[in-house]
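Colleague: I'm new to this one, so please go slowly. I'd like a close look at the largest nonpolar core, and at how the rest of the chain is arranged.

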Amino acid sequence: MKLVIGSDHGGKRLKDAIVAHLKNKQIEIEDIGPFDLESVDYPSYASEVGTRVAKKKADYGILCCGTGIGMSIAANKLNGVRASVVSDCFSAEATKAHNNSNVLCLGERVIGEGLALKIVDTWLATEFEGGERHARRLKKVAELEQINN
């Protein structure tokens with residue numbers, strides 16, 4: 001499994017904790033930054049992570065900002081990205097099992113580091129359930145991506 005992770009300045013500390021956590025588990029992770037606390041624009045990092053996931057250069061992506069909301073809005077503009085803001089383990093499991101989410105968005109100012117690491121572990125351990133009803137719904141989501149293209 002290969003992951004790509006990015007943040008803005010508001011999520012950098014959480015990103016760094018997740019990177020260390022996943023490296024301890026011997027999970028391959030590409031950290032695209034930022035690498036200091038200078039103010040940066042979250043859409044740039046959401047685009048980089050989302051593009052790598054959509055183009056299959058990484059299996060999954062993780063994005064961190066202050067709330068996770070801006071990152072998810074930006075990442076979901078990219079075809080093939082299903083980014084979910086998550087702040088509890090149940091939602092982490094559900095978004096992967098039912099929505100086959102491929103980008104996890106977390107808010108450093110919303111959840112603590114300990115919970116964030118549990119959410120990441122839960123999300124990564126959960127498999128997409130598949131099945132006709134979920135496939136049908138994901139097909140409809142993919143069709144939405146084509147409306148203004």
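Modeller: One term before we start: two residues are in contact when they have heavy atoms within 4.5 Å of each other. Keep in mind, too, that this is a predicted model.

With that in hand, take the contacts in the protein chain with a separation of 6 or more: 69% of them link residues 24 or more positions apart. The chain has six helices and five strands. Read from the N terminus, they go β-α-β-α-β-α-β-α-β-α-α. The radius of gyration is 14 Å, close to the 15 Å that the globule rule gives for 149 residues, so the chain is as compact as a globular protein of that length. Along the principal axes, the C-alpha atoms fill a box of roughly 40 × 30 × 25 Å. Of the 149 residues, 44% are buried.

Now for the part you asked about. In soluble globular proteins, nonpolar side chains tend to be buried together. Here, the largest nonpolar core has 21 residues. If you want somewhere to start clicking, try I18, L22, I62, L104, L106 and V120, which have the most contacts inside this core. Five elements each supply at least two of its residues: the strands β1 (2–7), β3 (60–65) and β5 (103–107), plus the helices α1 (12–24) and α5 (113–125). Helix α5 gives the most, with six residues.

I18 makes a good guide to how these pieces meet. Setting aside residues up to four places away in sequence, I18 touches I5, I62, C64, L106, L117 and V120. Apart from this core there's another one, of 17 residues, and V40, A46, A58 and M71 are among them.

What about the outside? The accessible surface of the protein chain is about 7,800 Å², and 49% of that belongs to carbon and sulfur atoms. As for charge, there are 20 positive and 20 negative side chains, with the centres of the two sets 5 Å apart.

Being buried isn't just for nonpolar residues, as H134 shows. This histidine lies in helix α6 (residues 132–144). Its relative accessible area is 3%, so H134 counts as buried. Which residues is H134 in contact with, once neighbours within four places in sequence are left aside? They are A97, H98, F128 and E129.

A few spots in the backbone deserve a look as well. Most residues other than glycine have a negative phi, and most peptide bonds are trans. The bond from G33 to P34 is cis, with omega near 5°. P34 lies in the loop between β2 (28–31) and α2 (42–54).

Two loop residues have a positive phi without being glycine. One is Q26, with phi near 60°, in the loop between α1 and β2. The other is K56, with phi near 65°, in the loop between α2 and β3. Are they buried or exposed? Q26 has 71% relative accessibility, so it counts as exposed. K56 is at 72%, so K56 counts as exposed too.

How values were computed:
Residues are numbered from 1 along each chain as its sequence is written. This is a predicted model: local features need pLDDT of at least 70, side-chain atom pairs count only at pLDDT 80 or more; totals for chains, interfaces and linings use all residues. Side-chain values use heavy atoms; hydrogens and water are left out. A nonpolar core is a set of buried Ala, Val, Leu, Ile, Met, Phe, Trp, Tyr and Cys residues joined through side-chain atoms within 4.5 Å. Buried means under 20% relative accessible area, exposed over 50%, partly exposed in between (1.4 Å probe, protein chains only). Helices (H or I, at least four residues) and strands (E, at least two) are DSSP runs, numbered from the N terminus. The radius of gyration is taken over C-alpha atoms; the globule rule is 2.2 Å times the number of residues to the power 0.38. Accessible areas come from the Shrake-Rupley method with a 1.4 Å probe; for residues, only the protein chains shown count as cover. Lys and Arg count as positive and Asp and Glu as negative; His and the chain ends are not counted. The place of a charge is taken as NZ of Lys, CZ of Arg, CG of Asp or CD of Glu.
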